[in-house]
Amino acid sequence: MKQQASHEVQAEEMKNDVAECGMDREQKILIAGGWNGKKHLNSVEMFSLLNATWTSLQPMKEGRYKASSVVHNNQIFVMGGLGQSGTEIKSIEKLSLNAVQVNQSITWENVLAELPEALFGHCSVVYNGRLIVIGGSDDSKDAYCDSITEISLDPHYTSKLLTTMPQARYHHGVAMFGDKILILGGRVALLVHTNLASVLLYDITKNECKELAALPYPVSEMATVKWGDDSVIIVGGVDSNNQPLNKVLLYNIKTQKSRRLPDIKYKRRGCVAAVVRDTVIVIGGRNERRKYLKSVECFQFDRYSWQELPEMHIARAFVTAVVC
């Protein structure tokens with residue numbers, strides 16, 4: 001009874017923390033897929049900021065990890081990744097936002113469009129109704145992609161190569177700033193000693209990449225999330241010695257300068273991050289003991305420290321996430 005009472009008090013304190021963080025109570029974070037050390041997951045969970053609880057949604061049609069995801073036209077798209085057999089996936093599936101907001105029994109649907117290559121460790125954004133896919137690894141060709149490709153999400157589902165980056169990369173991060181995409185870190189080959197510190201800015205309208213000032217350290221498998229109008233936050237990842245990190249970095253695209261923020265509580269590689277209003281939320285990953293994490297942390301600048309939130313139902317790394 002004492003233990004139950006303690007859990008109830010802890011849950012109530014977590015709800016208060018969520019409210020005090022100033023989060024938008026109507027927004028939810030959806031995570032899909034990932035890897036738990038045993039299998040490729042197709043499970044999907046949703047975090048309610050109102051109740052500070054995780055809810056299971058309908059699973060994806062395929063288990064996949066190291067996939068990417070976007071929200072477009074009231075739908076969530078998940079694309080690529082590694083599948084159950086350990087092979088790369090070209091397919092894209094989607095879920096109506098009504099599944100999050102109204103009817104949680106709604107199932108995932110296949111999309112007729114496919115990625116141009118079977119990729120994992122890639123990144124994706126949406127610009128004017130077009131899916132833009134950046135980098136990734138294609139083991140079927142034993143190659144790492146330097147391509148930036150556009151895929152139409154209308155029924156024509158056409159795709160075309162926009163340009164190539166100076167270096168191939170995967171396990172990198174991106175952030176969208178208007179008609180520009182910031183591309184950070186990653187690595188150029190299988191081994192982590194090929195991690196990059198480089199930062200690129202891809203101008204969609206000019207269709208060109210330019211180098212910005214590098215990060216203070218090479219990193220891959222990190223979470224990246226846009227912060228404000230001109231900055232990106234880089235969380236965790238793995239260094240060039242294959243060690244998971246608890247570092248947090250703020251990079252300003254105008255000044256091209258970095259500054260450290262307080263470390264997260266747990267070292268995490270393959271984690272994801274999301275921003276809701278003025279709060280950064282970091283989810284899952286794998287720590288230095290190779291343990292897959294259920295844990296969730298949040299950060300707000302006026303507190304200037306990381307606080308724990310309720311855990312996911314399933315421990316997982318290399319998950320994909322959207323705010324919806």
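**Exercise 1. Describe the surroundings of H172.**

H172 lies in the loop between β13 (159-164) and β14 (173-177), where strands (E, at least two residues) and helices (H or I, at least four) are DSSP runs numbered from the N terminus. The model is predicted: local features need pLDDT of at least 70 and side-chain atom pairs count only at pLDDT 80 or more, whereas totals for chains, interfaces and linings use all residues. Residues are numbered from 1 along each chain as its sequence is written, and side-chain values use heavy atoms, with hydrogens and water left out.

Step 1. Accessibility: H172 counts as buried because its relative accessibility is 6%. Buried means under 20% relative accessible area, exposed over 50%, and partly exposed in between (1.4 Å probe, protein chains only).

Step 2. Backbone partner: the H172 side chain reaches the backbone oxygen of I134 at 3.0 Å.

Step 3. Contacts (heavy atoms within 4.5 Å): with neighbours within four places in sequence left aside, H172 is in contact with residues including H122, C123, I134, L184 and M222.

**Exercise 2. Trace the salt bridges that involve R64, and state which parts of the chain R64 and E93 link.**

Step 1. Criterion: a salt bridge is a side-chain nitrogen of Lys or Arg within 4 Å of a carboxyl oxygen of Asp or Glu. Side chains of opposite charge can pair when their charged atoms come close. The structure holds 11 salt bridges.

Step 2. Pair with E93: the side chains of R64 and E93 form a salt bridge at 2.8 Å, N to O. This pair links distant parts of the chain, with R64 in the loop between β3 (53-57) and β4 (68-72) and E93 in strand β6 (residues 89-96), 29 residues apart. Both R64 and E93 are buried.

Step 3. Pair with E62: R64 also forms a salt bridge with E62, with the closest N and O atoms 3.5 Å apart. E62 is partly exposed at 31% relative accessibility, while R64 is buried at 1%.

Step 4. Result: E62, R64 and E93 are linked in a network of salt bridges.

**Exercise 3. Which parts of the chain does the salt bridge of R187 and E221 tie together?**

Step 1. Geometry: the side chains of R187 and E221 meet at 3.0 Å, N to O, in a salt bridge.

Step 2. Location: R187 lies in the loop between β15 (180-184) and β16 (199-203) and E221 in the loop between β17 (208-212) and β18 (223-227), so the pair ties together parts 34 residues apart in sequence.

Step 3. Accessibility: both R187 and E221 are buried.

Step 4. A residue touching E221: G237, found in the loop between β19 and β20, touches E221, M222 and R268, among others, not counting residues up to four places away in sequence. G237 is buried, with a relative accessible area of 0%. The C-alpha atoms of G237 and R268 are 6.0 Å apart, although the two are 31 residues apart in sequence.

**Exercise 4. Classify the aromatic pairs F299 with W306 and F301 with Y304.**

Step 1. Criterion: rings of Phe, Tyr and Trp (its six-membered ring) pair if their centres lie within 6.5 Å; planes under 30 degrees apart count as stacked, over 60 as edge-to-face and the rest as tilted. By this rule there are 10 aromatic pairs.

Step 2. F299 and W306: the ring centres are 5.1 Å apart and the planes stand at 35 degrees, so the pair is tilted. Both F299 and W306 are buried.

Step 3. F301 and Y304: the centres are 6.3 Å apart and the planes stand at 55 degrees, so this pair is tilted. F301 is partly exposed at 24% relative accessibility, and Y304 is partly exposed at 38%.

Step 4. Result: W227, F299, F301, Y304 and W306 form one aromatic cluster.

**Exercise 5. Identify the residues of the largest nonpolar core that touch the most other members.**

Step 1. Criterion: a nonpolar core is a set of buried Ala, Val, Leu, Ile, Met, Phe, Trp, Tyr and Cys residues joined through side-chain atoms within 4.5 Å.

Step 2. Members: the largest core has 18 residues, of which L182, L184, V199, L215, V232, I234 and Y251 touch the most other members. Strands β14, β15, β16, β19 (231-235) and β20 (248-252) each supply at least two residues of this core.

Step 3. One member: beyond its neighbours within four places in sequence, L184 is in contact with residues including H172, V199, L215, V232 and I234.

How values were computed:
A polar contact is a pair of N or O atoms within 3.5 Å; within protein, one must be able to donate a hydrogen and the other to accept it, and residues adjacent in sequence count only if both atoms are side-chain atoms.
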